[in-house]
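These are my notes from a session of looking things up in the structure. I went through the empty spaces, then the ligand and its surroundings, and finally the domains.

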Amino acid sequence: MSKALQGVRILDFTHVQSGPTCTQLLAWFGADVIKVERPGAGDITRGQLQDIPNVDSLYFTMLNHNKRSITLDTKNPKGKEILTALMKACDVLVENFAPGVLDRMGFSWEAIQAINPKLIVASIKGFGPGPYEDCKVYENIAQCAGGAASTTGFRDGVPLVTGAQIGDSGTGLHLALGIVTALYHRTHSGVGQRVTVAMQDGVLNLARVKLRDQQRLAHGPLKEYSQFGEGIPFGDATPRAGNDSGGGQPGRILKCKGWESDPNAYIYFITQAPVWDKICDVIGEPDWKTHPDYAKPAARLPRLNDIFARIEQWTMARTKFEAMEILNGHDIPCGPILSMKELAEDRSLRATGTVVEVDHPARGKYLSVGNPIKLSASPSDVARSPLLGEHTEEILREVLGLGDAQVTDIRDSGALDPPRKEAAE
Ligand code: CAO
């Protein structure tokens, strides 16, 4: 079976997390992704959070599968020449440097268009045009500036960031969609275009239900928020809602059997209106089906703390998996709180390739998250990440068609090696 993006060549000038997640997805779909890295050092994540000394970190390996690596000093004149030739040979350039870096390197959008008008140039920046456009941005900054942190956590606590990397990986996903859209456009327009995603915008897009609630506040309190039932007035901005469900159907995280010693013995439970009668029967409160204080959703809102305390008595007598099985049998929406350990060992995730075991020449076997997007005719295989500069010569010869003499010439220029340090006096 052919890969969906077979024949598409990506010049991957990305680093850290946001950009690499985007190009990894494209590589999984079959694009030839050529990662350009600084000689001697490479992507900074190769050396960050290393669990095995001098071996590419899991941070790097888990974000750079299915790619090829070329080392190139793009500040060296010969390096710039090679980069220019690669721009001519590729369909898409992806970068997530700090604002202005590509311009300083001599590759403004105008300069790139002159080199290859069909090239799609895709960029991630922290912010779009505005007061913060020149700022360097990392994950948690994006979560804070994009509205996620102000709406995450408990009302009486500080704003919280989430463990899901919605700033980095979330923006990478947005960019990947922008790239394939621009590729589609190019098939009938014949021209490339710029694709830009700001991390702040990507996070705000993912937090859009909270902007919905911001506007609803002008017309009264947010009744599905626990604080309404508790009689606590709302301020002028969408508040933090703890574990309340965002969809208007009250939901909470409840303790399950073993919670005293297991930090993940919990279940998410939604008191969805259409299954209220079933919930009453399951937890042993059949009278609530007709009782005026409980029968209708509006009547339940001021009593949610009591209702969930009663449901929790029921969940605490069962493990999260036992509760899940019973509740699912009645179509009552619920979900276990799964730890990373449980997910790593989950057989169905292994079977679908969402969790994969990868073999790496230096580190041996490790687990990774495979492609979560499944295409029926173009399945993804996960191949290990490249060693630094592993494909430098291969790319010079195969992609640029250079011969021995030219490769030697480039080597002699120092464009493929780290800048020489002056010998100590
Ligand atoms: N050869 C020579 N020089 C290279 C090179 C190569 N192959 N690759 C990169 N460089 C140089 C750049 O030219 C730049 O040099 P100048 O500053 O002299 O122009 C330099 O490396 C550093 O680039 P940078 O500023 O992008 O890197 P940083 O580590 O200082 O900042 C980050 C990192 C992520 C904060 C910044 O790149 C950024 O804000 N990116 C956009 C937002 C983003 O993607 N953030 C998410 C990161 S994941 O958490």
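I began with enclosed space in this predicted model, and the search returned one cavity of 30 Å³ or more. I noted the volume of the largest cavity as about 30 Å³, and I listed the residues that line it as Glu-224, Ser-226, Asp-244, Ser-245, Pro-250, Gly-251, Arg-252, Leu-304 and Phe-308.

I then turned to the pockets and asked what takes up the space of the largest pocket. I found that the ligand does.

For the surroundings of the ligand I counted 24 residues, of which the closest are Arg-38, Lys-75, Lys-136, Val-137 and Asp-168. Sorting this shell by class gave me 10 nonpolar, six polar and eight charged residues.

Next I looked up individual contacts, and which ligand atoms do His-15, Ser-18 and Val-137 approach? For His-15, I recorded a polar side-chain atom 3.0 Å from an oxygen atom of the ligand, and for Ser-18, a side-chain N or O atom 2.9 Å from a ligand oxygen atom. Val-137, which I had already written down among the closest residues, brings a backbone N or O atom to 2.7 Å from a nitrogen atom of the ligand. I also noted how far the ligand is covered: on its own it has 950 Å² of accessible area, and the protein covers 85% of this.

Last, I checked the domain assignment of the chain, which gives domain 1 as 9-206 + 344-424 and domain 2 as 242-332. Between the C-alpha centres of domain 1 and domain 2 I noted a distance of 43 Å.

Conventions. Residues numbered from 1 in each chain as written. Predicted model: local features only at pLDDT ≥ 70, side-chain atom pairs only at ≥ 80, totals over all residues. Heavy atoms only, no water. Domains from an automatic or database assignment. Near = heavy atom within 4 Å. Polar contact = N/O pair within 3.5 Å; in protein donor to acceptor, adjacent residues only side chain to side chain. Areas by Shrake-Rupley, 256 points an atom, 1.4 Å probe, with all protein chains shown as cover. 1 Å grid on protein atoms, 1.4 Å probe; cavity = no way out; pocket = protein on both sides within 12 Å on 5 of 7 lines; lining within 4 Å. Sits in = over half its atoms within 2 Å of the grid points. Nonpolar A, V, L, I, M, F, W, Y, C, P; charged D, E, K, R; others polar. Points joined across faces, edges and corners; volume = space filled by probe spheres on them.
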